[in-house]
Amino acid sequence: MSASAASSAASLSTARFLRGLVVPLIALLAWELITHYKLANVHLLASPSAVLKNLTFQIEEGELFSQLLASLRRDLTGFLLGSFAGVLFGSALGLWRIADRLLGPSFDAAKQVAVFAWIPLISVWFGNAEPAKIVFIALAAFYPVVVNVHEGIRSVSREHVEVARAFRFSRLQTFKKLILPAALPSIFSGLHLALIYSWLGTLGAEYLLAPAPGIGNLMIEGRESLAMDKVLLGVILAGLVGFSLNSVATRAESYFLRWRVRNA
Amino acid sequence: MSQSAVIDIRDVSKQYTVKNEVLPVLERLSLTINPGEFLSIVGASGCGKSTLLRLLVGLDREYQGEIRVGDQQVTGTSLDRGIVFQEHRLFPWLTIEQNVGLGLENSPWGEDKKKQAIKEHIELVGLTGFESAYPHQLSGGMAQRAAIARGLVNRPSILLLDEPFGALDALTRSRLQGELQNIWQREKITMILVTHDVDEAVYLGDRVVVMQPRPGRIRKVVAVDVPHPRDRSDPSLKALTEEVRAEILHVSPSN
């Protein structure tokens, strides 16, 4: 790639980034105008400047950082546990037909139960505190990983398996050289989804289980004291964290799967 | 790197069972292939030629009769029999160099010798400079060259080719046919080519086995006594091509 092609690609992505900002900026402006001219009840819709003020206040108090950190720690712990278990379980389903036959149907049935429906059971079994939250987040991460790992392994092409047989690959060689790399795109999509679901799960767990430091808690406090600036700050932070996690996952994916055909 | 051996196919039959119905694919087929020979197998689709090749590779072990290579019965795949499929079947996540190297995964050679063999075979198929390209960056013809290099890299004494140029455009196809002839002359190994392209079969083969379908049998074996390297415009090649074509058309006038 020539330098000019590289720079034009860069300016293209800058242009795309700027275009993506148009709608949020307009929304922000509309929001400020609505609250400024009191077109809506200010007690129910705080102004952007009020949210900003609350943000600086929270930062000065040292609150924000610890709340954010608590949520992220919870999120990542659940994500790691859930996706680790998901990779193991999904691989078992994909690699051993007998595991698929025995466990597949039950898993498919369990998958139909909305993840939030497990909360009553989880709170009975694991209590209301941190362990229960992490179990819930792990469960949210578990499903998409299992489904995608299973699918990835099953999608290994017969044609490539014949190549492996022609070269007399052992089971281990076949796994390392063929199954794992062939399944990798699917595994990554699973992990990517798990990262998003576990963040949603984090907020859900913080909201539905016992209060503890976290972004969800910030929002509950705000709601209970009718401090809408605090609630909205929580919403914005939750969105920003989700957005960042998503873009980290996208980057990791395109780095590790750079052999794939680039879609324009 | 064993010496080339005689391939002996004796009374081989095979059938598929589809919904309790037995479909014969090959019926009592016998053929002897000499070491270093270039044998073409040609026939209309459904004549069982690809099935026969899969049996020779050892990818399919369910058949009646006997297939021997030297004094060994074929019971599975062997590193001594390389294979090139119709689709290149390169692994998309590996570079060309790494794909060719797949053929050496189970080779007893040392690292240096492997590297050397990979380099030589990439050169042999004219892909020098593309070692670190990924398959999707290559044209169909180049990918098929890489597949040929992968099939030859551990120096098998037999190379089996299953319609290797079937998916390529006419120009690339005839260029690769010429190159395959050169490779065969240089490597002096046995090559068995399955194809539905009569010109290709006659241009490359020392003998052309004409198969007929339902069930798959050998209709005729035509010897092509024209020395290699061959010239496509050679009149005796043309006459033999017409002879083979007539044999096939006679069998299936609908095609």
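## Terms and model

Two strands are said to pair if DSSP finds at least two bridges between them. The structure described here is a predicted model. Strand pairing of this kind links β1(B) to β4(B), and within that pair Ile9(B) stands opposite Ile67(B) in β4(B).

## The four-stranded sheet of chain B

Chain B contains an open sheet of 4 strands, arranged in the order β2-β1-β4-β5 with antiparallel pairing. Its edge strands are β2 (21–33) and β5 (72–73) of chain B, each of which pairs on one side only. Strands of a sheet pair through backbone hydrogen bonds, either parallel or antiparallel.

Strand β1 (residues 7–18) of chain B and strand β4 (residues 64–69) of chain B run antiparallel and are joined by 5 bridges. Besides the position where Ile9(B) faces Ile67(B), Ser13(B) has Gln64(B) of β4(B) as its bridge partner. Strand β1 of chain B also holds Asp11(B). The phi angle of Asp11(B) is near 50°, which is a positive value in a residue other than glycine.

On its other pairing, β4(B) is joined to β5(B) by 2 bridges, and these two strands run antiparallel. Val69(B) stands opposite Gln72(B) in β5(B). The two strands form a hairpin with 2 residues between them. One residue of the turn, Gly70(B), has a positive phi of about 65°.

A helix accompanies this sheet. Helix α1 (residues 49–57) of chain B lies across β1, β2 and β4 of chain B. Relative to β2(B), the helix runs at about 65°.

## Overall form of chain B and its cis peptide bonds

Chain B as a whole has 7 helices and 10 strands. Its radius of gyration is 18 Å, close to the 18 Å that the globule rule gives for 255 residues, so chain B is as compact as a globular protein of that length. The C-alpha trace of chain B spans about 50 × 45 × 35 Å along its principal axes.

Two cis peptide bonds that precede proline deserve mention, one between Arg214(B) and Pro215(B), the other between His228(B) and Pro229(B). For the bond between Arg214(B) and Pro215(B), omega is about -15°. Pro215(B) is located in the loop between β9 (207–212) and β10 (217–223) of chain B. For the bond between His228(B) and Pro229(B), omega is about -5°. Pro229(B) belongs to the loop that lies between β10 and α7 (235–251) of chain B.

## The helical chain A

Chain A has 10 helices and 0 strands. Along the sequence, chain A accordingly reads α-α-α-α-α-α-α-α-α-α. The radius of gyration of chain A is 23 Å, well over the 18 Å that the globule rule gives for 264 residues, so chain A is more spread out than a compact globule. Along its principal axes, the C-alpha trace of chain A spans about 75 × 60 × 30 Å.

## Packing of α7(A) against α8(A)

Two packed helices are described by the angle between their axes and the distance between the axes. For α7(A) and α8(A), the packing angle is about 165° and the axes are 11 Å apart. An angle over 145 degrees counts as roughly antiparallel, and α7(A) and α8(A) are therefore roughly antiparallel to each other. The crossing in which α7(A) passes α8(A) is right-handed.

On the α7(A) side, the contact is made by His160(A), Val161(A) and Ala164(A). On the α8(A) side, Thr174(A), Leu178(A) and Ala182(A) take part. By class, the contact of α7(A) with α8(A) has 4 nonpolar, 2 polar and no charged residues.

## The interface between the chains

At the interface, 15 residues of chain A are in contact with 16 residues of chain B. The helices α7 (158–166) and α8 (171–208) of chain A each supply at least two residues of the side of chain A that touches chain B. The largest share of that side, 6 residues, comes from α7(A). Classified by type, the side of chain A that touches chain B has 8 nonpolar, 2 polar and 5 charged residues.

The helices α7(A) and α8(A) thus appear in two settings: they pack with each other, and each supplies residues to the side of chain A that touches chain B. Charged residues number 5 on that side of chain A, whereas the contact of α7(A) with α8(A) has no charged residues.

Methods:
Residues numbered from 1 in each chain as written. Chains lettered and ligands numbered in written order. Predicted model: local features only at pLDDT ≥ 70, side-chain atom pairs only at ≥ 80, totals over all residues. Contact = placed C-beta atoms within 7 Å. Nonpolar A, V, L, I, M, F, W, Y, C, P; charged D, E, K, R; others polar. Axes fitted to C-alpha atoms, helices over the stretch in contact; angles between N-to-C directions. Parallel < 35°, antiparallel > 145°, perpendicular 65-115°, else oblique. Left-handed = near helix turned anticlockwise from the far one by under 90°. Rg over C-alpha atoms; globule rule 2.2 N^0.38 Å.
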